[in-house]
Amino acid sequence: MLTAWCQHGTLMITAMRRASRLFEIIQVLRRARGPVSADVIARELEVSKRTIYRDIAVLIAQRVPITGEAGVGYVLERGFDMPPLMLTENEIDAFVLGTHWVASRGEAELAAAARSLLAKIEAVVPEELRAFVLTPTTSVAPVAADSDIVSANDLRAAIRSRRKLRIVYRGNDGQTTNRVVWPVLLGYRDVDRILAAWCELRQGFRYFRTDRLLVSEVMIETVPERASELRKQWKAAMDAERIRYLNEKS
């Protein structure tokens, strides 16, 4: 009886691992911009090429639109959608950790959204994976509630709508300045948040701690740059600043 139960359990684990691997293969092909060889897939998933050949054949038999052949490479046709919640154990751990982090550190609206998202995932994941949501392997340390005056929800809304912000900011010296900024992104750190933006006063990209924002008004005037271009310029400026800092340290 015990032997039969163990054999049954082993078969279930093997089947779950294979199902997970099949979806991982699809994910590899979805990320690729061209044909992917079995050798590349095998190295990423840490299995043999023979296993990949066999799994590709199974996927094609299940009408997954994969084209190509051994020795050439495989391509997943555009427009194919996987069942949305076939997640691996590690993916669930990552998701749960992320939502718990946001729930404990995000502003009220974002924290509530994280808890709602977690409940939705819990309700629809397959039964055999639900335990990984209910009893996660990870944890997030609690932090004190934020003391921001300005709503982070409003800041995120301004970024999405590409609106300029008129702010009153308290600097390190305690002095306040009135500025107009082009918001780029809102960065969430462990115990506080920072707004990355182009500052019209300083004519450059700056970081503003949200707990030092005394006033923030969303303006009617829109940011003249496209969001992608502004983000590109911000990243280039930050990369240059990082290189300059490292050169000064060396």
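Helices here are DSSP runs of H or I with at least four residues, strands are runs of E with at least two, and both are numbered from the N terminus. The model shown in every view is predicted.

**View A. E107 lies in the loop between α4 and α5.** Helix α4 covers residues 89-105, and α5 covers residues 108-124. The relative accessible area of E107 is 5%, so this loop residue counts as buried; the cut-off for buried is under 20%. Leaving out residues up to four places away in sequence, E107 touches A152, N153, R156, Y188 and R193.

**View B. Helices α5 and α6 cross at roughly 150 degrees.** Their axes come within 8 Å of each other, with α6 spanning residues 127-134. At this crossing angle α5 is roughly antiparallel to α6, because angles over 145 degrees are put in that class. On the α5 side the residues that meet the partner helix are L118, I121, E122 and A123. Their counterparts in α6 are R130, V133 and L134.

**View C. The largest nonpolar core has 17 residues.** The residues with the most contacts inside this core are I25, L29, I41, I52, L59 and I66. Two or more residues come from each of α1 (2-31), α2 (38-45), α3 (49-61) and β2 (73-76). The greatest contribution is that of α1, with five residues. L59 is in contact with L22, I25, I26, V64 and I66, its neighbours within four places in sequence being left aside. A second core, separate from this one, has 15 residues, including V150, L165, Y169 and L213. In soluble globular proteins, nonpolar side chains tend to be buried together.

**View D. Five strands form an open sheet with antiparallel pairing.** The strand order is β6-β5-β4-β3-β7. At the edges stand β6 and β7 (213-222); each has a single partner strand, so one side of each lacks a neighbour in the sheet. With direction ignored, neighbouring strands are turned against each other by 45 degrees on average. β5 and β6 are paired in the antiparallel sense over six bridges. In this region A197 stands opposite R206 of β6.

**View E. Y169 and F208 form an edge-to-face aromatic pair.** A search of the whole structure finds three aromatic pairs. For Y169 and F208 the distance is 5.0 Å centre to centre, with 85 degrees between the planes. Y169 belongs to strand β3 (residues 163-170) and F208 to strand β6 (residues 204-209), and the pair links parts of the chain that are 39 residues apart. Y169 and F208 are both buried. Y169 is also one of the residues of the second nonpolar core.

**View F. W182 and W198 form a tilted aromatic pair.** The ring centres are 6.0 Å apart, and the angle between the planes is 40 degrees. W182 is in strand β4 (residues 176-188) and W198 in strand β5 (residues 193-199), so the pair ties together parts 16 residues apart in sequence. W182 counts as buried because its relative accessibility is 13%. Ring pairs join W182, W198 and F205 into a cluster.

Conventions. Residues numbered from 1 in each chain as written. Predicted model: local features only at pLDDT ≥ 70, side-chain atom pairs only at ≥ 80, totals over all residues. Heavy atoms only, no water. Core = buried A, V, L, I, M, F, W, Y, C linked by side-chain atoms within 4.5 Å. Buried < 20%, exposed > 50% of the residue type's maximum accessible area, 1.4 Å probe, protein only. Contact = heavy atoms within 4.5 Å. Phe/Tyr/Trp six-rings, centres within 6.5 Å; stacked < 30°, edge-to-face > 60°. Pairing = 2+ DSSP bridges. Axes fitted to C-alpha atoms, helices over the stretch in contact; angles between N-to-C directions. Parallel < 35°, antiparallel > 145°, perpendicular 65-115°, else oblique.
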